[in-house]
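This report looks at how a ligand is held in a protein model and then turns to a sheet and the helix that packs on it.

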Amino acid sequence: MCSKSLVSIEDISKDEILDLLERARYFEQHPNSKILDGKVAATLFFEPSTRTRLSFETAVNRLGGRIIGFSDPGTSSSVKGETLKDTIKMVSNYTDIIIMRHFLEGAARYATEVTDVPIINAGDGANQHPSQTMLDLYSIMKTQGGLENLTITMVGDLKYGRTVHSLLMAMKYFNPRFIFVASKELAMPQEYKDFCRAEGIEYIETEDFSPEVINQSDIIYMTRVQRERFTDPMEYERVKDLYTLHNAMLEGSKPNLRILHPLPRVNEIDRDVDDNPKAYYFDQARNGLFARQAIITRALGINPLEK
Ligand code: CP
């Protein structure tokens, strides 16, 4: 495995996270350059994406590199029966870095075992989404002035939501307090609650998205109930609209509160929240460009801060 791959947020230390955040800050000031001149990146998306794929591709383009890949596996030889192993080995012949999203948990980790080209996990099933975590951390840092001692409320699909799983793990370095708001069917999985206990992280669970919860939060992280993860459509119908944030619910919230959402949203955040200064989800997605420029340059051993 290439040591510069990023498969799980657990692969990197606190110092490496802080280095990536510093790079992201640099790229926000300097988004365009030629530091990837001569480099080729592949984006292999076996699952749909708007933000992740386009921001990774923009990140490469703005730094002077080139992109190959596919956004629809139906146009690749995987439909002829080519295995993931063979696909990764083939693409490794052509590129300096592979950015991949796959519906199977563990697919990105598996890819690192069959190539020496750095692999960036752009989401594997319900498991991990580490580049989303880096842009989430960058967004939290920018809006809160730091990452320490924050109350972060996670709402919605905490069972299948890979973004909340990755963020929870990354926050272990920063003394967070979590409030998990979910129905029983979509509660935070036991392994992540065990993780909190092992790391000494305080958390509470509730099904009630109450004013008391909202008014003590520094960050509210809303999530979409992911229809694509359900095997039973009736169960999806029953839980899909349980939690919707409306503007009026923010009346007593803290001045520093910011609303995050990895997007896309469906009904979790009413459109009447969009003009509230505490709504940060579109800026959050913009931060993805800078966070991904940071991740790509680290993976390729290029440090824009050393000049
Ligand atoms: N947040 C996120 O992963 O969005 P996309 O599915 O559009 O990439």
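In this predicted model, a polar side-chain atom of Arg101 lies 3.0 Å from an oxygen atom of the ligand. Two further polar contacts involve nitrogen on the ligand side: one such atom is 3.0 Å from an N or O atom in the side chain of Gln132, and a nitrogen atom is also found 3.0 Å from a polar atom in the backbone of Leu263. On its own the ligand would expose 250 Å², of which the protein buries 91%. The table sets these polar contacts side by side.

| Residue | Protein atom | Ligand atom | Distance |
|---|---|---|---|
| Arg101 | polar side-chain atom | oxygen | 3.0 Å |
| Gln132 | side-chain N or O atom | nitrogen | 3.0 Å |
| Leu263 | polar backbone atom | nitrogen | 3.0 Å |

The residues around the ligand include Arg101, Gln132 and Leu263, and among them are also Ser49, Thr50, Arg51, Thr52, His129 and Pro262.

Arg101 also belongs to the residue range of strand S3, 97–102, and this strand is part of an open sheet of 4 strands with parallel pairing, in the order S2-S1-S3-S4. At the edges stand strand S2 (66–70) and strand S4 (119–124), each of which pairs on one side only, while neighbouring strands of the sheet are turned against each other by 15° on average, direction ignored. Strand S3 runs parallel to S4 and is joined to S4 by 4 bridges; within this pair, Met100 stands opposite Asn121. Helix H3 (residues 84–92) packs on the sheet, where the helix touches strand S1 (40–45) as well as S3 and S4, and the direction of H3 makes about 155° with that of S3.

Notes:
Residues numbered from 1 in each chain as written. Predicted model: local features only at pLDDT ≥ 70, side-chain atom pairs only at ≥ 80, totals over all residues. Heavy atoms only, no water. Pairing = 2+ DSSP bridges. Helix = DSSP H or I, 4+ residues; strand = E, 2+ residues; numbered from the N terminus. Axes fitted to C-alpha atoms, helices over the stretch in contact; angles between N-to-C directions. Contact = heavy atoms within 4.5 Å. Near = heavy atom within 4 Å. Polar contact = N/O pair within 3.5 Å; in protein donor to acceptor, adjacent residues only side chain to side chain. Areas by Shrake-Rupley, 256 points an atom, 1.4 Å probe, with all protein chains shown as cover.
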